[in-house]
Amino acid sequence: MSPVARRRLLLAAGAFPWLGVSAARAQSTRRAVSVGGAVTEIVYAVGAGSSLVGADSTSTFPAQAEKLPRVGYMRQLSAEGVLSLKPDLLVATAEAGPPAVLSQIESTGVPVHRLAVRHSIESLRDNVREVAGVFGVPDAGRHVIAEIDAQWAKARARVAAAPGKPRVLFVLAHGGGAPMVAGDGTAAEAMISYAGGVNAVRGMQGYKPLTAEAALAAAPDVILITQQGLDEAGGIDRLLARPGLALTAAGRARRVFAMDALYLLGFGPRMPGAVLDLAARLHG
């Protein structure tokens, strides 16, 4: 079979084009529900997407995932919604919940496989291995990891060649609440570091409210936000109207970069590509 014909076959089977893993390679016939955008991406990446009968609202990639029946937001699942799909497996991020709902699902005899949430390339590899094992396609998992490692090598080389480490302030503006800024231990901090930047908010764990004092103390060279957050904020002008942001070096220069939330923060199979894209923006 020619390379072109093979690629067309992979696309028709619902594989990730850049990973080259056909859904036909999935040996499992499970009726599975996936919870967590990165988890769903991994399921499709190892070629097991045809086993999915449902997913949560964060599962927006690949395109096939958006056609699946929804079971709600990953932290606010209902047992009835999941069980109505008659699954024989729930595979989820460790952030999924509430815990009582997951226990209720397990009590019906449906196994719940939880994947660790650690914002690192090592954790991504581990999660790919786990998902591939759960769906009975370990060889596909090894192939996906090899592709991830190839992309990762390109990203690391790009970052190593970059001059300087810009200070980056990540603004979280989802869900209609007040904007927050990302501190230590967040996915945003990990991505900023991997891309050759420095998280502008130090000395605090997780997220805290964006205030004028916090923005000025952070003194960012760049403001980073998800595209969804920027849309919700009303665009760059309205974002920079937030207290303090316009007075920072990043605000004065209008150095505001937006990326898709799942792509930037999901730590799924596209994570090395996201690091490469973020590095290109941070370092010009």
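**Helix H5 and its neighbours**

The buried residues of helix H5 are covered by a set of elements that includes helix H2 (37-45), S3, S4, helix H6 (138-160), helix H7 (187-194) and helix H13 (271-283). Keep in mind that this is a predicted model. Two of those covering elements, S3 and S4, are strands of an open four-stranded sheet with parallel pairing, so here's a quick tour of the helix and then the sheet, given that strands of a sheet pair through backbone hydrogen bonds.

**Helix H5**

- H5 covers residues 121-134, and its 14 residues should span 20 Å at 1.5 Å a residue; the end C-alpha atoms sit 20 Å apart, so the two agree.
- On the buried list for H5 you'll find Ile-121, Ser-123, Leu-124, Arg-125 and Asn-127, along with Val-128, Val-131, Ala-132 and Val-134.
- After H5 comes Gly-136, with a positive phi near 75°.

**The sheet**

- Reading across the open sheet, the strand order is S2-S1-S3-S4.
- Strand S2 (52-55) and strand S4 (112-115) are the edge strands, each pairing on one side only.
- On average, neighbouring strands of this sheet are turned by 20° against each other, ignoring direction.

**S3, S4 and helix H4**

- Strand S3 (residues 89-93) runs parallel to S4, and four bridges join them.
- Leu-90 has Val-112 in S4 as its bridge partner.
- Helix H4 (residues 99-107) packs on the sheet, where it touches S3 and S4.
- The direction of H4 makes about 140° with that of S4.

Conventions. Residues numbered from 1 in each chain as written. Predicted model: local features only at pLDDT ≥ 70, side-chain atom pairs only at ≥ 80, totals over all residues. Heavy atoms only, no water. Pairing = 2+ DSSP bridges. Helix = DSSP H or I, 4+ residues; strand = E, 2+ residues; numbered from the N terminus. Axes fitted to C-alpha atoms, helices over the stretch in contact; angles between N-to-C directions. Contact = heavy atoms within 4.5 Å. Expected span 1.5 Å × (residues − 1). Buried < 20%, exposed > 50% of the residue type's maximum accessible area, 1.4 Å probe, protein only.
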